[in-house]
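This report describes selected features of one protein model, beginning with the surroundings of its ligand and continuing with its sheets. The reader is invited to keep the structure in view while reading.

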Amino acid sequence: MSDQTLSNLLKEDRRFEPPADLAAAANVQEEAYARADADPEAFWAEQAERLSWDTPWSQVLDWSDPPFAKWFVDGKINAAYNCVDRHVEEGRGDKVAIHFVGEPEGDTRDLTYSELKDLVSQAANTLADLGVEAGDRVAIYMPMIPEAIVAMLACARIGAPHMVVFGGFSSDALASRIEDCQAKVVITSDGGYRRGAASGLKPAVDEAVAKAAEAGHQVEKVLVVKRTGQDLGPDGWNDDLDVWWHDSVEKASTEHTPEAFDAEHPLFIMYTSGTTGKPKGILHTTGGYLTGAAYTHWAIFDLKPDDVYWCTADIGWITGHSYITYGPLANGVTQVLYEGTPDSPERGRWWKIIEDNKVTIFYTAPTAIRSFMKQGREIPDQRDLSSLRLLGSVGEPINPEAYVWYRHVIGGDRTPVVDTWWQTETGMILISPLPGVTPGKPGSAMIPLPGIAADVVNEEGESVPDGSGGYLVLTQPWPAMLRTIWGDDERFKDTYWSRFPANAERPTPWYFAGDGAKKDDDGDLWILGRVDDVMNVSGHRLSTTEIESALVSHPKVAEAAVVGAKDEDTGQAVVAFVILRDEAIAEADEPGEGEDVVKELRQHVRTQIGPIATPRQIMVVPELPKTRSGKIMRRLLRDVAEHREVGDVTTLADSSVMDLISAGVSSGKED
Ligand code: PRX
């Protein structure tokens with residue numbers, strides 16, 4: 001983020017107090033902060049009590065071997081039991097758990113907690129029949145249909161950690177994740193509805209399974225939901241491997257006794273981009289994670305029994321895990337689940353869903369809000385949005401204008417907006433206003449939640465004074481924290497815990513989030529975005545290195561450098577600079593061929609990673625700016641990508657390189 005944006009942000013002085021009626025009846029009141037501060041472990045133990053435990057814990061937190069934390073030591077619990085059975089046993093079986101809205105208009109389906117319990121039990125029985133045992137990994141690659149949630153809960157029920165891959169990722173991305181965690185079974189569907197058409201998923205699974213097999217890992221079974229009924233092609237079904245969901249799950253017994261697992265039993269792995277080419281498998285465990293997800297969902301969204309909640313995230317991201325599946329269902333909420341895109345069949349689809357289902361709590365991402373702002377308020381104004389009482393934002397810094405528009409146009413100025421900061425690694429929201437206590441400032445995530453210790457520090461780890469910026473750190477463990485990177489404890493220690501290790505003043509290491517932040521004059525926090533080589537495009541995390549590796553894996557590319565450039569719609573956008581191999585340069589110089597290379601490279605990135613990683617721009621350049629030690633100076637490339645005057649070039653090995661690049665860019669050699 002530029003200094004200009006930063007100082008503009010900090011001039012923002014609008015402030016919205018919590019509405020009086022919401023404040024008076026809020027689930028969490030101001031006293032929670034001091035109480036949690038005085039004894040964080042007692043505070044988290046109290047929150048864990050909202051769940052149903054099979055065996056109580058003997059110790060709240062074991063932090064004797066940092067950074068490996070254990071929460072609720074010796075406790076035993078089943079996550080799926082807590083998300084479904086418990087509500088049925090307590091008399092809420094007829095309550096709607098999921099209002100499913102398919103993308104085709106009129107395609108809706110309601111599932112009560114009893115129905116959900118039956119389906120989860122059936123799927124658990126089927127997985128067991130397919131040979132899945134506690135500890136085995138199961139990959140899930142599905143559209144946003146109820147079966148996706150059922151699949152996750154069925155895995156949790158039998159103690160098989162799930163690994164959900166976003167349906168927009170390519171078969172290569174799916175294959176590498178399946179292989180890394182050695183998934184035994186894959187759950188998928190023939191396809192799903194996107195933008196008015198059936199879009200296939202099974203073919204990508206087939207490719208991924210074949211690729212994993214080539215690399216030496218054989219997936220044993222593929223369980224397939226029939227969603228679209230699309231033709232799978234002549235080689236689209238393998239009787240040895242593939243099993244239809246309707247032939248298995250829907251015929252299985254609805255009786256299944258959940259087994260209680262250790263609080264530290266792995267619940268799921270979720271891959272996320274880091275600063276290297278290899279995604280990290282973030283491991284979350286059961287008791288602490290569920291406690292953190294359930295408490296924060298209840299506290300931050302001020303959940304009441306009659307609320308209708310809707311989070312627009314995909315289950316392929318952590319937001320879908322913590323704030324669609326685990327938090328909301330552990331709290332027995334009624335929620336909307338929507339399969340499709342916001343503009344299908346018309347641009348007002350989301351607002352129609354809110355009107356139809358009388359949604360009261362709505363949780364989405366700034367990038368979506370900005371795109372609606374662009375379309376104009378006439379579209380949401382056609383619908384009755386008066387049921388809304390609370391709005392949330394997640395995934396990237398929300399710019400003040402988008403925040404104010406969201407509150408005003410969507411929330412009718414009645415609704416607080418909670419800007420929630422967290423990460424795949426944190427598992428739960430850590431910094432956010434509490435809607436009945438904390439005022440909202442457009443653009444600020446405000447303060448750490450009760451029981452959370454965060455700070456902004458300088459290079460030396462000293463807390464910065466109000467009005468200054470630095471690195472965001474977490475100075476105490478929290479229940480939903482990641483436990484490690486799957487199969488790579490060293491990388492776990494190195495990535496998150498080595499920046500601010502234990503020392504004389506700091507008895508245990510601090511968690512380094514990789515984000516920059518600023519404290520304003522009141523001490524409230526403004527998250528400024530990543531300080532490492534990670535980009536945030538439409539709230540999705542992408543690694544510059546991962547896209548660079550994808551580009552250089554193309555035979556025509558000699559070298560590549562990728563930067564995240566500021567983008568009005570998507571927050572940041574991928575901009576790539578590539579040096580072609582000599583043969584490709586000769587070809588590209590033919591009239592019209594240069595554009596083809598760029599097209600080919602964009603397509604290559606799509607197939608290697610997925611459409612979300614497609615560069616907005618690819619610039620073919622003769623050289624890349626490097627320091628004398630050979631490190632690419634991305635800062636200078638970002639200047640070019642953001643059309644700024646190029647900054648200080650004195651550390652460049654060859655300072656004329658930037659002239660060459662800038663000349664190429666202005667002569668139109670860009671996409
Ligand atoms: O840079 C921060 C940004 O998203 C990163 C985490 O990305 P991911 O693990 O994909 O999880 C996204 C959903 C939780 C963070 O390091 N980020 C997330 N929420 C916010 C945010 N930046 C500013 N404000 C937020 N509310």
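By class, the shell around the ligand consists of six nonpolar, six polar and five charged residues. The model is a predicted one. Among the 17 residues around the ligand, those that come nearest are D419, T420, T424, D515 and R541. Individual polar atoms of the protein also lie at short listed distances from atoms of the ligand, as the following table sets out.

| Ligand atom | Protein partner | Distance |
|---|---|---|
| nitrogen | N or O atom in the side chain of D419 | 2.8 Å |
| nitrogen | polar backbone atom of G395 | 3.2 Å |
| oxygen | polar side-chain atom of N536 | 3.4 Å |

How much of the ligand does the protein bury? Taken alone, the ligand exposes 540 Å², and the protein buries 96% of that area. Three elements give two or more residues each to the shell around the ligand, namely α12 (318–330), β20 (417–420) and β25 (525–530). Two of these elements, β20 and β25, lead on to the sheets of the model.

**The sheet that contains β20**

Seven strands form an open sheet with mixed pairing, in the order β5-β4-β17-β16-β18-β19-β20. Why is one side of β5 and of β20 left without a neighbour in the sheet? Strands β5 (108–112) and β20 stand at the edges and have a single partner strand each, so one side of each remains without a neighbour. On average, neighbouring strands of this sheet are turned by 20° against each other, direction ignored.

Strands of a sheet pair through backbone hydrogen bonds, in either a parallel or an antiparallel manner. Both senses can be followed here by looking at the two edge strands and their partners. At one edge, β20 pairs with β19 (residues 390–394) in the parallel sense over four bridges. In this pair, L391 stands opposite V417 of β20. Helix α7 (residues 146–158) packs on the sheet and touches β4 (96–101), β5 and β17 (334–338). The direction of α7 makes about 30° with that of β5.

At the other edge, β4 and β5 run antiparallel and are joined by five bridges. Within this pair, V101 stands opposite T108 in β5. The two strands β4 and β5 form a hairpin, with six residues between them. In the turn of this hairpin, G106 has a positive phi of about 85°.

**The sheet that contains β25**

Four strands form a further open sheet, in the order β21-β22-β24-β25, with antiparallel pairing. Here β21 (454–457) and β25 stand at the edges; each has a single partner strand, so one side of each is left without a neighbour in the sheet. The twist from one strand to the next averages 45°. Strand β21 is joined by four bridges to β22 (residues 469–474), and the two run antiparallel. The bridge partner of V457 is Y471 in β22.

**A contact between distant parts of the sequence**

Where in the model does F16 lie? Residue F16 is found in the loop between α1 (3–11) and α2 (20–24). Although F16 and P439 are 423 residues apart in sequence, their C-alpha atoms are 5.4 Å apart in space. When residues up to four places away in sequence are not counted, F16 touches Y403, R407, P439, G440 and P442.

Technical notes:
Residues are numbered from 1 along each chain as its sequence is written. This is a predicted model: local features need pLDDT of at least 70, side-chain atom pairs count only at pLDDT 80 or more; totals for chains, interfaces and linings use all residues. Side-chain values use heavy atoms; hydrogens and water are left out. A residue is near a molecule or strand if one of its heavy atoms lies within 4 Å of it. A polar contact is a pair of N or O atoms within 3.5 Å; within protein, one must be able to donate a hydrogen and the other to accept it, and residues adjacent in sequence count only if both atoms are side-chain atoms. Accessible areas come from the Shrake-Rupley method with a 1.4 Å probe; for residues, only the protein chains shown count as cover. Ala, Val, Leu, Ile, Met, Phe, Trp, Tyr, Cys and Pro count as nonpolar, Asp, Glu, Lys and Arg as charged, and the others, Gly among them, as polar. Two strands pair if DSSP finds at least two bridges between them. Axes are lines fitted to C-alpha atoms, for helices over the stretch in contact, and angles run from 0 to 180 degrees between N-to-C directions. Contact means heavy atoms within 4.5 Å.
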